Each structure stands twice: as structure tokens, then as C-alpha cells.
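Got your viewer open and a selection box ready? Let's walk through this one stop at a time, picking something to select and then looking at what is there.

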Amino acid sequence: MFYTPRLRLRAVEPEDLEQAWEWVNDPEVHQFITTTWPLSHQDEVEWLERQRRLPLWQRPLSLEARTDEGWRLIGNAALVRIEWPHRWAELAIMLGDKAFWGQGYGTEAVQALTGIAFDILNLHRVQLEVYEYNARARRAYEKAGFRLEGRRREAIFYRGAYHDSLLMAVLRAEWTPPEWWRTWPYPGAAAGHGITERPATPR
Ligand SMILES: CC(C)(COP(=O)(O)OP(=O)(O)OC[C@H]1O[C@@H](n2cnc3c(N)ncnc32)[C@H](O)[C@@H]1OP(=O)(O)O)[C@@H](O)C(=O)NCCC(=O)NCCS
């Protein structure tokens, strides 16, 4: 598992699919992602089967936020495509739980995946595509260090109008890791604390 100050990124389990089914069928969520048609529970099961046939590092990760009641599933994210000869990956993220939007969780998850791409997979560039009308996502990517590189003009038709799709990317050399990245692989690691974030009990 990968840890950030408030999140952990773990493998997707079949139990996550019920939640994912709700999210991808929520119009407020799917207006921003590629699946704009209702999906069935069976579609979700087949999606996970397809993901499990991918190389490990391209498989989606479930995002869980630390809450007072324990870890709570709030979305998923992945390096959906990796081009090894060119050393780039394409990043995708969905926080399905709208209660967690706008509190920095998305930025934190994107920072973690970018760090994983650069410092674990030894990639050179991370890129993504975002619809122009998705202002929240664009800002989150910007905060995580991504720059606007270009646009696919009128590439998206949604609710009776064409919209541009924006291309954003960050290069390894221009990436500034967040402060907490230094205590990788989990916050507190440098201080010798365990992943529960309690100081180790002296023996
Ligand atoms: C996109 C997404 C990952 C962002 O994560 P998040 O946790 O909501 O975003 P963050 O809180 O990290 O950052 C959002 C930023 O956008 C800003 N923002 C929110 N709504 C905005 C709007 N309408 N216009 C401009 N900025 C906006 C916030 O103020 C914040 O910036 P700030 O910290 O400078 O104030 C998440 O909202 C999500 O998954 N949404 C649904 C699916 C989706 O859009 N996926 C991405 C497809 S490319």
C-alpha cells in the first residue's frame, strides 16, 4: 500500500465494486469522465477482471481516506497507460464520494501517483487529459504540478454542446515533491513511526 498524510492507495477488491457502480452512474461524477452511459454491476465485475490482466503497475488503486471511524473508500486512481520506451504514463482519477470533493484529497492522490511514477517506476513524464469545463480537476492538477500543454478542440460533446479537452503534463525535472514525500513510503517513516502513525513502543 502507498500512504499519504490523509490517504492510502491499495489494490481494488471485489467488495469495492458496489460503491464504484454508484459512482460511475452518478451524473455529477460521470459528466467529468469518459463513461457517460449507465453501467451494470456485471460491467463493473468485467472491468475488474480486465484490470487484473494488466501489469501490476497499471492496475487501478482504491483511494481510502483516514476518518475517525477508520479507512473510508472515496474513489480510485491509476496510471492507466504506460509507454515504457518513452517513459511516460497517463494518469486518471475519480473521487466518487462527493462529500470529499474540494478538500485537497484529489491533489494529494495525484501527487502520490505522480511520485510513484517518478520515484518508483522511474518514469520521465506523467500526462493526462481533462475536460475544459472540469475547473475543479484542472486546479487540482495544477496544484500537483501539471502544466497545460495543449487542447483538443471541441473533442467532447456533452449536453448539446462541444467542449475542448485539455492536455496537461509534468516532467520529472520540473516536479516539486510535496513536503510529506520525503517521509515516503508513509508519513512518519523518517521519524521511525509505524504506518498506524503511533510512535513505536520501546521494547
Ligand atoms: C477532480 C478531483 C480528482 C479533484 O479532487 P478534489 O479533492 O475535489 O480537489 P482538490 O480539493 O484537491 O482541489 C480542487 C481545487 O479546485 C478549486 N475549485 C473547486 N471548484 C472550482 C471551480 N468551479 N472553479 C475553479 N476552481 C475550483 C478548489 O478551490 C481547489 O483549489 P484551491 O485549493 O486552490 O482552493 C475530484 O473532484 C473528482 O474526482 N471529481 C470527479 C471525477 C473527476 O472529475 N475526475 C477527473 C477527470 S479528469
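Start with the ligand, keeping in mind that this is a predicted model. Select β5 (88–95), α4 (105–120) and α5 (135–143): each of them supplies at least two residues of the shell around the ligand. Which element gives the largest share of that shell? It's α5, with five residues. Now show side chains for Phe32, Gly106, Thr107, Ala135 and Arg139, which come nearest to the ligand among the 21 residues around it. Color the shell by residue type and you should get 12 nonpolar, seven polar and two charged.

**Into the core**

Keep α4 selected and add the nonpolar residues packed around it. The largest nonpolar core has 41 residues, and the ones with the most contacts inside it are Leu63, Leu91, Ala109, Val110, Leu113, Ala117 and Tyr141. Within this core, α4 gives the most, with eight residues. That fits a familiar pattern: in soluble globular proteins, nonpolar side chains tend to be buried together. Zoom in on Leu113 next. Setting aside neighbours within four places in sequence, Leu113 is in contact with Ala77, Leu79 and Leu91.

**Across the sheet**

Hide the helices and show strands alone. What is the strand order in the open sheet? The eight strands run β1-β2-β3-β4-β5-β6-β8-β7, with mixed pairing. Look at the edges: β1 (2–3) and β7 (147–158) each have a single partner strand, so one side of each is left without a neighbour in the sheet.

For a closer look at the pairing, turn on backbone hydrogen bonds, since that is how strands of a sheet pair, either parallel or antiparallel. Select β2 (residues 7–11) and β3 (residues 61–67): they pair in the antiparallel sense over five bridges. One spot to click is Ala11, which stands opposite Leu61 in β3.

Stay on β3 and bring in β4 (residues 70–83). These two run antiparallel as well, joined by seven bridges, and a hairpin of two residues links β3 to β4. Pick Ala65 and look across to β4, where its bridge partner is Arg72. Is β3 mostly covered or mostly open? Mostly covered: five of its seven residues are buried.

**Out to an open helix**

For a contrast, bring the helices back and select α3, residues 41–52. None of its 12 residues is buried, so α3 lies largely in the open. Try a distance between its end C-alpha atoms: you should get 17 Å, which agrees with the 16 Å that 12 residues should span at 1.5 Å a residue.

Now step back to Thr34, in the loop between α2 (27–30) and α3. Thr34 is exposed, because it has 11 other C-beta atoms within 10 Å and the cut-off for exposed is 12 or fewer. Draw a line from Thr34 to Tyr131: their C-alpha atoms are separated by 9.8 Å, although the two are 97 residues apart along the chain.

**Two more distances**

Select Phe146, in the loop between α5 and β7. Buried or exposed? Phe146 counts as buried, with 24 C-beta neighbours inside 10 Å. Leaving out its neighbours within four places in sequence, Phe146 is in contact with Leu128, Tyr141, Met168, Ala169 and Val170. Then try Phe146 to Tyr133: 13 residues apart in sequence, 17 Å apart in space, C-alpha to C-alpha.

Next, go to Pro177, in the segment after β8 (161–171). Pro177 counts as partly exposed, with 14 C-beta neighbours inside 10 Å. From Pro177 to Ala112 the C-alpha to C-alpha distance is 9.0 Å, and the pair is 65 residues apart in sequence.

**Last stop: backbone angles**

Open a Ramachandran plot if you have one. Most residues other than glycine have a negative phi, so here are two to click on. Asn122 has a positive phi, near 60°. You'll find Asn122 in the loop between α4 and β6 (125–131), where it is exposed, with 10 other C-beta atoms within 10 Å. Glu154 also has a positive phi, about 50°, although it is not a glycine. This one sits in strand β7, and Glu154 is exposed too, with 12 other C-beta atoms within 10 Å.

How values were computed:
Residues numbered from 1 in each chain as written. Predicted model: local features only at pLDDT ≥ 70, side-chain atom pairs only at ≥ 80, totals over all residues. Near = placed C-beta within 6 Å. Helix = DSSP H or I, 4+ residues; strand = E, 2+ residues; numbered from the N terminus. Nonpolar A, V, L, I, M, F, W, Y, C, P; charged D, E, K, R; others polar. Expected span 1.5 Å × (residues − 1). Buried ≥ 20, exposed ≤ 12 C-beta atoms within 10 Å, placed from the backbone. Core = buried A, V, L, I, M, F, W, Y, C linked by C-beta atoms within 7 Å. Contact = placed C-beta atoms within 7 Å. Pairing = 2+ DSSP bridges.
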